Amino acid sequence: RKRDPPPPLSPPHSVFSSREVSSRQGASESLASMESDGNDSASTKWSVKSATEQYLKEEKDFGNKADFAALHRVMSWIRLTGMCVPSTKVLVGGVNVGQLSSQLMQGCGNLTFHGFEVQGELIANTRLKLSTIGSHVHLHHLGWSDSEAMNVTVTGGRGARKSGKAGLYRATGRWARMHSLDNVSTVTLSGWADQHRIDTITFLVIDVEGHEPKVIRGMKLEQPRNQRRFPLFQYELGGTWAKKDPRHGNDS
């Protein structure tokens, strides 16, 4: 794995995991970076599978806050290329109380920010917090998935609203003690972007407590139009993902 700065980003899309190596190994090193030729959807599937396999193989070397390091790298690139303007659109799924989103907005407060959160009671305070940093902040009480649905149950444990341990998973198995926190509607990213007539989302962060595979499917990256629409996205890997989490039927 390389330790020097990442190469320039280029379309149609690049994808990497936010679980970068821990600080003791150099937090500037990304887990995986890959570009599709825009003609083969297998390229996208390969990149997600590759990142997952690498994480599971080298889990002990990864830190929990490396998503912040990845974010800082991307925001530096956005600033250097003169893209800190309202026409640049950035989306964060799982905005919670705005920790990562605050870091993003501090790096570039003049872009257009859309945050999504499934816990409705967090929206107002998080919107207020981020609006003191950025000029174009929009928060949505919506979840991301691979299909549109209404009244989807949000589950979590005690103190979920403080820890962020809530998501769109079923309370089964060793998560059976989780309880209902809220109800929310879900959208697909491709469908939401169509509805709002957004052709390009410059950067996308997916941190949705194990729902990441479904969110990525909902981007419909097999379509060249969506490969151009989502040129760069960052997603979580961890104990709530893939075969380590049976809440989605070992979804991977």
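Entry 1. I began with the term I would need for Arg225: partly exposed stands for a relative accessible area between the buried class, under 20%, and the exposed class, over 50%. The model I am reading is a predicted one, and with 45% relative accessibility Arg225 falls into that partly exposed class.

Entry 2. I then looked up the salt bridges and found that the structure holds two. In one of them Arg225 pairs with Asp194, where the closest N and O atoms are 3.2 Å apart. I noted that Arg225 belongs to helix α8 (residues 224–229) and Asp194 to helix α6 (residues 189–195), so this pair ties together parts that lie 31 residues apart in sequence.

Entry 3. I turned to the acidic partner and asked myself whether Asp194 is buried, partly exposed or exposed. Asp194 has a relative accessible area of 37%, and I therefore entered it as partly exposed.

Entry 4. Asp194 also forms a salt bridge with Arg229, and here I read 2.7 Å between the closest N and O atoms. This pair links distant parts of the chain, with Asp194 in helix α6 and Arg229 in helix α8, 35 residues apart. For Arg229 I found 1% relative accessibility, which means that this arginine counts as buried.

Entry 5. Putting the pairs side by side, I recorded that Asp194, Arg225 and Arg229 are linked in a network of salt bridges.

Methods:
Residues are numbered from 1 along each chain as its sequence is written. This is a predicted model: local features need pLDDT of at least 70, side-chain atom pairs count only at pLDDT 80 or more; totals for chains, interfaces and linings use all residues. Side-chain values use heavy atoms; hydrogens and water are left out. A salt bridge is a side-chain nitrogen of Lys or Arg within 4 Å of a carboxyl oxygen of Asp or Glu. Helices (H or I, at least four residues) and strands (E, at least two) are DSSP runs, numbered from the N terminus. Buried means under 20% relative accessible area, exposed over 50%, partly exposed in between (1.4 Å probe, protein chains only).
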